[in-house]
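Please open the model in your viewer and keep the selection panel at hand, as the tour below moves from one selection to the next.

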Amino acid sequence: MPDVPAPPRVPVPDRDGDPLAAVTGALHGLGRGLDGLSIAELLWLAATAGRHDPAASAPTAPGAPAPDAAADPGPTAVDARERIGRRPGLGVYGPSAPGGASLPAGEMSVPRGTALPRARELARALRPLRRVWPAGRGSRLDVGETVAGYARSGELLPAFRPAPERWFDLTVVLDRSATMAVWQDTGAELLKVLASTGAFRTLRVREAASWPPVAATGPGAGAGAGGLGSAGAPSSRPRRLVLVFSDCVSGAGGERAFWDRLRGWAAATPTVLVNPLPARIWRHSGLDLPAVRVTPPGAPGARNPALRFAVPPLAEQAYGPSEEGAPCGGHRDAWLPLPVVGLTPRAVSRWARTLMRGDPDGCEAVLLPGPGLAAPAPAAPEEGPADAARSAEAFLRRASTPAVRLAVLCSAYPQLYTGLLHVIRQELVPEASAADLAEVVVGGLFLVEAQEAGAGAGAGLGGPVLRFREGVRAHLAPRLGARDALRTREVLTRFVAAHAAAAGRFPALVPDAAGAAGIAPGAEPFARASDRTLRDLGAGASAAAHVLLSATGQVEPSPDRPYFFLSYAHTPRLGSRATDSNRWVERFFRDLCDEVMALADLPAGGPAGFMDRQMEAGERWADRLSEVLSTCRAFVPLYSPRYFTSETCGKEWYAFAQRSVFQRARDTEAVQAVVPAVWVPVPPGQMPRPAQQLHFDSRSFGERYATDGLYGLIRLRSNAQEYRQVVHQLAARIVTVAESAPLAPGKTVDYLRAPSAFRSFTQAEESLRIAVVAPTLHDLPQGRDPRYYGAVPDRWNPYHPDSRRPLVDVATDLAFHLNDQVDASTLDAEVARVERSGPSTGPLVLLVDPWALSVPRLRSALIALREAREPGTVVLVPWSRQDEQNHNARTSLLSALYDLLPSPWYGPHGHLSESFRGLVTLEDFGAAVPGAVEDAYAAYLDHTLADPPPDTSAGPPVHRPRLGGGGSTPELE
C-alpha cells in the first residue's frame, strides 16, 4: 500500500442517510492516513471475508446496544477462523460452562451421529453364531415320517420332530460405572447390532452391578446360579451366551466383586468381554491380566474352561504362591480363560469363529486367576506428564493418525458432548474406529464431567461433558488451520439441517431472549441454524423470531416456495442410441410452469414448479428433494403403471402426504394438496390404496385425456388443442389448491429413509391393529396433569397443545398413507381375545403412555398381553418435551417400562430409551410409525407363513429375535 501523507479530514454530511458515506467517514476517523485506493482495498477485503456483523460472533444479550466500531481508536484483532467462519444465522452452542451466563438461551435437541463405526461389518462378523441348534424346543411337522406312517398303517397321524432354532440365548451385561457413561450410546448401538443380526434366539439386557453372581469356588465350578444354568453341573454345551460390555477402568472394572461375578459367569457359560478401548492400553486399565491366545475345543459353543491355552511362563511368579490345597499359578487349572475383543470386525469375527469351532488359530483372551491365587501387587503408577502441554504432546506422539485428527478438530470448542464428538467423527473423520475415538477420550486431553441431574430438559441425553484440560486446547489449536475450522463448522451446520428428523438427539442451546437457560461467557457455537432449521428441530418460536430479525429490525421474508412438485417415474432407454423418453415429461413440466406463472401472482424468477431435472451437477439430490418436498405447496403425481411400482415415487408421495397429517393434527382441518395428472391411464383396481382414496375424475378434463393420457396428447399434433386445455386446467387446479387451502411448510424429511406409500405389508386378511394404553380422566394417577387425557383411552393426546388431535388418529392416518389397512382396537378387546385363546388377526401396534403402568388395571392388561407372547406386537412410547411431569419422573417411568415390557416390543429404535430421546415431537413420532409398522408385519408374517419344505443341506429357516419387533418372543425373567 503506498505511503502517502494523510489527507485532511473532511466532514461527511448526512451519514445516516448514506451508508457508504458513513463507512468512509468511519475509516477517515481512524487517523491511519488512508487514501481512496486504500479504502477500496479494505472494502474489497471485507466483502470477500463474508458479510457478517463482527458482534454476531460473540454472544451479547438481546436488546443490548451494539458496540461502536468508530469508538475504538485501533483495529481489533480477530482470529482468522472466526473472520472466515462468520455467517448469518443463529449459533448452536454446546453445554454451558459453570459460572454466570451472559446470554439467555433456549434448549433444543440436535441430531446425533452414529456412536458405533462400522456397525454393518460388525454384524457380518457375527455370522458364525447364526449356526442352528438341530433339536430346538419347538416342534414341526415331519412330512416324510407322516407319509411313511400312513403307508404302513393306513391312518393319517401327524408325526412331529424338533424344529431347529438359533444356538444361543444372549445376555448382554452392561457396566454402568462412571467411566462407562462415555460409551452409553456405543453400548446402545451395539445392542441394536446384536438384535438385528438374527444370530440369537433371545436377547436380554442386564446390569453388571445388579445381576447376581454365580456361586463358584473355582474355575471349574459352574453350578447354575444367577440364572445361567440349571442346578447341578453345567451342560457341556450350554445354550446361554454372556457378553459383558465394560472398559474395565473404574467402578465395576476396579472392584473385586466385578471380577468375582465375571469369573462365575465364565465358569458356567460361554462368556466374552467386549472392551471399547484400544488393545494397546488394556494393560493400563483394570484388565492388566496375563494375555494368551485360546483355541477352540472339539465341540462348538463350549464353556470357557474348555478353551485350550498355554499358561505364560511367568504367571506363577507374577501371582505369588497359592493357598494350601489350591493349584499353583503355573498349573492350568488355576486359571480361567476369558476372551476379550475390541469393537473391530476382525476381533469380533475371530472370537465368533473360535466359539463355533471355525478358526483353529483362536482369538485373544486374558486369564482370570482363581480364588486360591494371591492377586499381584498393584503396579506403581507410571510417571505422567507434568503439565497439560506435555500431556498433549505425549498424546500426539503415541496416538493413531485418525485419533490425532479428531482431537485437533475438537480443539475448536472448549467443551463438547460425546454426542457432538460422534458427529465430528462421523462427518469429518469417517476412517476413525471406535478404538481411535477411545484414544481421544482417555488420552489425557479431557476432563470427563457428568451432567447434573435436573439441569434442564436436555440433561442426561447428551452424555457426559468433555472439557479440555487447561492448556491442552492451546497446544492443539495451532494444528487447526483456518480452512479446517471453517469446514468443521460448515459440515456440522449441514449435518444439523439435513438430519433434523433423526430419532437420536443430544441437547444444545440457542440464543433466546425468553429462554430459561444461559450461555456462559467464552462459549463458541459449533454450528449455525437458520430459521428453517430451527423449525425442523422444533425450537421455540422466540428463538426462531430472534434469528429472523435483520439489522433493520424487520422479519426477513421467507424464500419463495415452488407451487408444485412434479413426481414421475423415469422411463429407461432401450439402448445407447435411443432417444430420451423423459423429454416429453420435461416438456409437459415447462408448459405447466408457464401456465402456473400466468395464473398466479409469482414474482419474476420465482419457482413455479420443481422436477428433479432442475438439479445442478454436484448437488446433493437427496437433500434437495427433501427440502422441496417439505416446502412445496402442491404435489402433482404423474400417474402411469410404472409410477405405482417405483419406490422412488412412493417415497416422494409419503414424504409429502405426511405434511397434511401433521397440519391436520395442529389445525383439525384436512388439507388436500395432491393434484393427480394422468400420463398413461391406470385402471383403478391397479392403484395402491393412497391413490384410490383421492377423489379424481379424469373424464372431467376430456374424453381423450381419460383414454390416452397426457402422453397420448403430447405426442400427436392433432391433439395439441386438447393438450393445451388439459395443461391449463391442471395449472388452475394447482393454483387453487396452493392459495385456497395453503399447506404450511413441514419438517424436513430424510428422503433416503422415507418409506414408500405404494408398498403394502398386508397379506390376505391380515390388517394392522392400533390400540392405546393410557389412563382416562376417571383413573388418572394421583397428581397427573389431566390436559393430555379424555373420557376414553383413545382421546389420549401426549403432544398437547402442539397437536389438537388424539394420537391414535394421527397414527391411523399415517398408516393409511403407508398403503395399509388399519383396524381400530382397544386394550380391553385385545386382552379379552387373549383370555379366550382367540387367534391374532394381524400385527398390533401399542401406543403406550408411561403413566399407564401406575394404573393397576392397565398394568395387569399389559402383563396378560406379555404372557401371551403373540408375535407382531410393537410398542411406541411418545415422550413430549413440553410435559414437565415426564421429565421429572423420567427415571422411574423408564425403569417401570423396562421391567414390564419384553424386548421385542421396543419398536423400531431397538432400545426403549430411544423413545425417551427421539419421540419428543409429533414429527418424531410420525417418523417412527413406518418402522413400527414394518417391524410388526415382519414379526407377524415370520411366524404365520407356512414353512418351506425342509432342506437337508442348510436346514429350515429359523425364527430370528429382533428388538425392533421381529423375531421370537424372548423368555421373560
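Does Gln658 count as buried or exposed? Select Gln658 in this predicted model, and you will be looking at a residue placed in helix H20. With a relative accessibility of 7%, Gln658 counts as buried, because the cut-off for that class is under 20%. Once neighbours within four places in sequence are set aside, the contacts of Gln658 are Val749 and Leu814.

Now extend the selection to the helix itself, residues 647–667, which make up the 21 residues of H20. From its first C-alpha to its last H20 reaches 31 Å, which is close to the 30 Å expected at 1.5 Å a residue. The helix is mostly covered, with 16 of its 21 residues buried. At the start of H20, add Ser646 and Thr648 as sticks: a side-chain oxygen of Ser646 comes to within 3.4 Å of the backbone nitrogen of Thr648.

**Helix H5 and a nonpolar patch**

Move next to helix H5, residues 143–153, and pick out Val147, which lies in it. Val147 has a relative accessibility of 51% and therefore counts as exposed. Together with Leu141, Val143 and Phe160, Val147 makes a nonpolar surface patch of about 400 Å², which can be displayed by selecting these four residues and drawing their surface.

Thr146, also found in helix H5, is a useful second selection here, since its relative accessible area of 10% makes it buried. The side chain of Thr146 reaches the backbone oxygen of Asp142 at 2.7 Å. Apart from its neighbours within four places in sequence, Thr146 is in contact with Leu141, Leu156, Leu157, Pro158 and Ala159; Leu141 is also one of the residues that make the nonpolar patch.

**Two backbone details**

For the backbone, select Arg118, which sits in the loop between strand S2 (103–111) and helix H4 (119–125). Although Arg118 is not a glycine, it has a positive phi of about 60°, and with 44% relative accessibility it counts as partly exposed.

Then go to His800 and Pro801, which are joined by a cis peptide bond with omega of about 5°. Pro801 is placed in the loop between strand S24 (768–773) and helix H24 (807–817).

**Salt bridges**

Side chains of opposite charge can pair when their charged atoms come close. With a cut-off of 4 Å between a side-chain nitrogen of Lys or Arg and a carboxyl oxygen of Asp or Glu, the count comes to 26 salt bridges.

Begin with Arg176 and Glu207, whose closest N and O atoms are 3.6 Å apart in a salt bridge. Arg176 lies in the loop between strand S7 (168–174) and helix H6 (184–196), while Glu207 lies in strand S8 (residues 200–207), so this pair ties together parts that are 31 residues apart in sequence. Arg176, at 49% relative accessibility, counts as partly exposed, and Glu207, at 37%, counts as partly exposed too.

Continue with Arg280 and Glu439, which form a salt bridge with their closest N and O atoms 2.5 Å apart. Here Arg280 lies in the loop between strand S10 (271–274) and strand S11 (291–294), and Glu439 in helix H13 (residues 434–442), so the pair ties together parts that are 159 residues apart in sequence. Arg280 counts as partly exposed at 47% relative accessibility, whereas Glu439 is buried, with a relative accessible area of 8%.

To see a network of salt bridges, select Arg769, Glu830, Arg833 and Glu870, which are linked in this way.

**Helix H22**

The last stop is helix H22, residues 703–715, where Ala706 lies. Asp708 and Arg704 both lie in H22 as well, four residues apart, which is about one turn of the helix, and their side chains meet in a salt bridge of 3.9 Å, N to O. Asp708 is partly exposed at 33% relative accessibility, and Arg704 is partly exposed with a relative accessible area of 35%.

Is Ala706 buried or exposed? At 14% relative accessibility, Ala706 counts as buried. Not counting residues up to four places away in sequence, Ala706 touches Pro681, Ser698 and Arg699. As a final check, draw a distance from Ala706 to Trp679: they are 27 residues apart in sequence, and 9.7 Å separates them in space, C-alpha to C-alpha.

Key. Residues numbered from 1 in each chain as written. Predicted model: local features only at pLDDT ≥ 70, side-chain atom pairs only at ≥ 80, totals over all residues. Heavy atoms only, no water. Expected span 1.5 Å × (residues − 1). Buried < 20%, exposed > 50% of the residue type's maximum accessible area, 1.4 Å probe, protein only. Polar contact = N/O pair within 3.5 Å; in protein donor to acceptor, adjacent residues only side chain to side chain. Patch = residues over 30% accessible without salt bridge, like charges linked within 9 Å, V, L, I, M, F, W, Y side chains within 5 Å. Areas by Shrake-Rupley, 256 points an atom, 1.4 Å probe, with all protein chains shown as cover. Contact = heavy atoms within 4.5 Å.
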